[in-house]
Amino acid sequence: MVRLVYLLLSLLAVIGFASRCLATTYTVGDSSGWDISTDVDSWAQGKHFVVGDVLLFQYSSTHSVAEVNRESYQGCNTTNVLQPSSNGNTTFALTKPGDRYFVCGNRLHCYAGMKLHVVVDGKAAEAPAAGAPEPEAGGDSTTTTPTTATITNTPSSKNKNPSSLIPNSVMSVPIGFESFVFVGITCLVCWII
């Protein structure tokens, strides 16, 4: 009975791990990071964000990042924020489908274009793309879905080259059928022993 429980728990862990591996972590602005000189609108073009993906903002001490609602995004309102962060290395998990809005806490930087709008698709990725995610056809993004963010704040000593910390903007771990077979056989052998 204990072996059966162990086998079931192992399989649940593998399935949970595999579903998380389909997510992509995007470094906003690639090697330029979250900076006034970065064209984040161009950076976001052609990217397909899905539930489970993560946005990583890396920035210097002169910047910050905050998730805001649509109205605050459009007016660069930096006082009515949903989730603020200023530690230089912030992640926002895209946990729900809908529109997500981010601005720099310095209102003048926001007016200069240091703000990001992403549309999160509710469908999780079926398989990670090789290199970068596939672009999605444009759609109506005028509706706002209230969302919550999971923020991980990790102190950073951000320099002007965040690529030294993360090699590129897309990180994914491909898990194929062979991996499931290997883990399944391993669990079965452990159960027999």
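Me: Why does C104 count as buried?

Reply: This is a predicted model, and everything here is computed from it. In it, C104 has a relative accessibility of 0%. Buried means under 20%, so C104 counts as buried.

Me: OK, and why does T78 count as partly exposed?

Reply: T78 comes out at 22% relative accessibility. Buried stops under 20% and exposed starts over 50%, with partly exposed in between, so T78 counts as partly exposed. You'll find T78 in the loop between helix 3 and strand 5.

Me: What is T78 in contact with, leaving aside its neighbours within four places in sequence?

Reply: V103, C104, G105, N106 and R107. There's also a C-alpha separation to look at: T78 and C110 are 32 residues apart along the chain, yet their C-alpha atoms are separated by 8.6 Å.

Me: And N89, why is that one called buried?

Reply: Its relative accessible area is 16%. The cut-off is under 20%, so N89 is buried. N89 lies in strand 6.

Me: What makes the link between the side chains of N89 and Q58 a polar contact?

Reply: Check the distance: the two side chains are 3.3 Å apart at this contact. The limit is N or O atoms within 3.5 Å, where one must be able to donate a hydrogen and the other to accept it. The pair N89 and Q58 is counted as a polar contact.

Me: How do you know that C76 and C110 form a disulfide?

Reply: Their sulfur atoms are 2.2 Å apart. A disulfide needs sulfur atoms within 2.5 Å, so this pair makes the cut. By this rule the count comes to one disulfide.

Me: What is the handedness of the disulfide of C76 and C110, and why?

Reply: The torsion about the S-S bond is about -80°, so the disulfide is left-handed.

Me: Which parts does the pair C76 and C110 tie together?

Reply: C76 lies in the loop between helix 3 (70-75) and strand 5 (83-85), while C110 is in helix 4 (residues 107-111), so the pair ties together parts that are 34 residues apart in sequence. Both C76 and C110 are buried.

Me: How many disulfides is C104 in, and how do you know?

Reply: None. The nearest cysteine sulfur belongs to C110 and is 7.8 Å away. The rule asks for within 2.5 Å, so C104 doesn't qualify.

Me: What makes strand 7 (residues 98-103) mostly covered?

Reply: Six of its six residues are buried. Strand 7 has partners on the sheet side too: three bridges join strand 4 (residues 65-68) to strand 7, and six bridges join strand 7 to strand 8.

Me: Why can we say that strands 7 and 8 pair?

Reply: Pairing takes at least two bridges, and strands 7 and 8 have six, so they pair. These two run antiparallel, and one bridge puts R100 opposite its partner V118 in strand 8. Strands 4 and 7 run antiparallel as well, with F102 in strand 7 as the bridge partner of E67.

Me: Which residues have the most contacts inside the largest nonpolar core?

Reply: V28, W34, W43, L55, F57, F102 and L116, in a core of 19 residues. Helix 2 (40-44), strand 3 (54-58), strand 6 (89-94) and strand 8 (115-121) each supply at least two residues of this core. Another core, of seven residues, lies apart from it, and V68, Y101, V103 and C110 are among them.

Technical notes. Residues numbered from 1 in each chain as written. Predicted model: local features only at pLDDT ≥ 70, side-chain atom pairs only at ≥ 80, totals over all residues. Heavy atoms only, no water. Core = buried A, V, L, I, M, F, W, Y, C linked by side-chain atoms within 4.5 Å. Buried < 20%, exposed > 50% of the residue type's maximum accessible area, 1.4 Å probe, protein only. Helix = DSSP H or I, 4+ residues; strand = E, 2+ residues; numbered from the N terminus. Contact = heavy atoms within 4.5 Å.
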